[in-house]
Amino acid sequence: MADLTRREFAQRTLGSLLTYSLLETLFSADAFPAEVKPVAAAWLARVDAAGRDLKGEKLSQTEWQSQIEELFGQIELAELLKFIDFDQLTAELEFREQGERSLKPKFPEVEGLPTDLVFGHQLFALRKGRSVVPHGHDNMATAFLILQGDFHGRHYDRLEDDGDSIIIRPTIDESFTVGGCSTVSDHKDNVHWFKATSETAFIFNIHVLNVVEGRKTGRVYIDPDGEPLAGDRVRARRLKAAEAYKLYG
Ligand SMILES: [Fe+2]
């Protein structure tokens, strides 16, 4: 009887030790960051809904910008960093000599987050002094959220296209740090330029392409250091991407 009891005891103890060890492994590997995922997923679902409303014309482009800036101000960055597995993503990162390294975090598949998101996303990684070079956008709505580090961020309104140049006017010229955000549309702050001012710096970017169906969509590189015009305006020369990176990257 005593032997049986001892064996029984050993089996039970071993069983519970295994269970405990397994659970500990799973939790330490973040297999179940259950407390995190619903919050970030729900937040991204709202970002997605805003993008759908923009494309469905339930929101104007400037209303989308306000809504996204409000949403970007609400997310706990720690939760977003976990959701995109920031540490893993940036573990063996090689920065670029010019401009930004674009990384593509994969969102985990979780309940509540659509798998066919209307917006694209990426993570920009930059070393000090490097820039997301000055560029405007055709038929795009986009937003930046600073995840780590500091930037000198500038925006300009795109007032008028004039042949090989675009007439711009500065709208934002500020220091941006963690949690800071800004947005772009065809109607407001269309041109942006972000220069890293800390040793390393990271931006979370979302973008809605083809805001209006049937028109071309994409980046337009310019040189904001152009001919000054009346009323704080500047004639900015259009650039090829390579020239923009050479000048500002
Ligand atoms: Fe952009």
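So, which residues of α3 are buried? Keep in mind that what we have here is a predicted model. In α3, the buried ones are Gln-61, Trp-64, Gln-65, Ile-68 and Phe-72. They sit on the same side of α3, because the arc they cover around the axis is only 100 degrees. That fits the usual helix pattern: with 3.6 residues a turn in an α-helix, residues three or four places apart point the same way.

And what do they pack against? The buried residues of α3 pack against α2 (37-55), β4 (141-148) and β7 (181-184). The length of α3 works out too: its twelve residues, 61-72, should span 16 Å at 1.5 Å a residue, and the end C-alpha atoms are indeed 16 Å apart.

OK, on to the sheet. It's an open one, five strands, in the order β1-β2-β9-β4-β7, with antiparallel pairing. β1 (101-103) and β7 are at the edges with a single partner strand each, so each has one side without a neighbour in the sheet. On average, neighbouring strands here are turned by 25 degrees against each other, ignoring direction. Looking inside the sheet, β2 (120-127) and β9 (200-208) pair antiparallel over eight bridges, and Arg-127 stands opposite Thr-200 in β9.

Last thing: backbone oddities. Most residues other than glycine have a negative phi. Glu-57, not a glycine, has a positive phi of about 60 degrees, and Asp-189, also not a glycine, has one of about 55 degrees. Glu-57 is in the loop between α2 and α3; it counts as exposed because it has 10 other C-beta atoms within 10 Å. Asp-189 is in the loop between β7 and β8 (191-196), and with 20 C-beta neighbours inside 10 Å it counts as buried.

Terms used. Residues are numbered from 1 along each chain as its sequence is written. This is a predicted model: local features need pLDDT of at least 70, side-chain atom pairs count only at pLDDT 80 or more; totals for chains, interfaces and linings use all residues. Helices (H or I, at least four residues) and strands (E, at least two) are DSSP runs, numbered from the N terminus. The expected span of a helix is 1.5 Å times one less than its number of residues. A residue is buried if 20 or more other C-beta atoms lie within 10 Å of its own, exposed if 12 or fewer, and partly exposed in between; C-beta atoms are placed from the backbone. The arc is that of the directions from the helix axis to the C-beta atoms. Two residues are in contact if their C-beta atoms, placed from the backbone, lie within 7 Å. Two strands pair if DSSP finds at least two bridges between them. Axes are lines fitted to C-alpha atoms, for helices over the stretch in contact, and angles run from 0 to 180 degrees between N-to-C directions.
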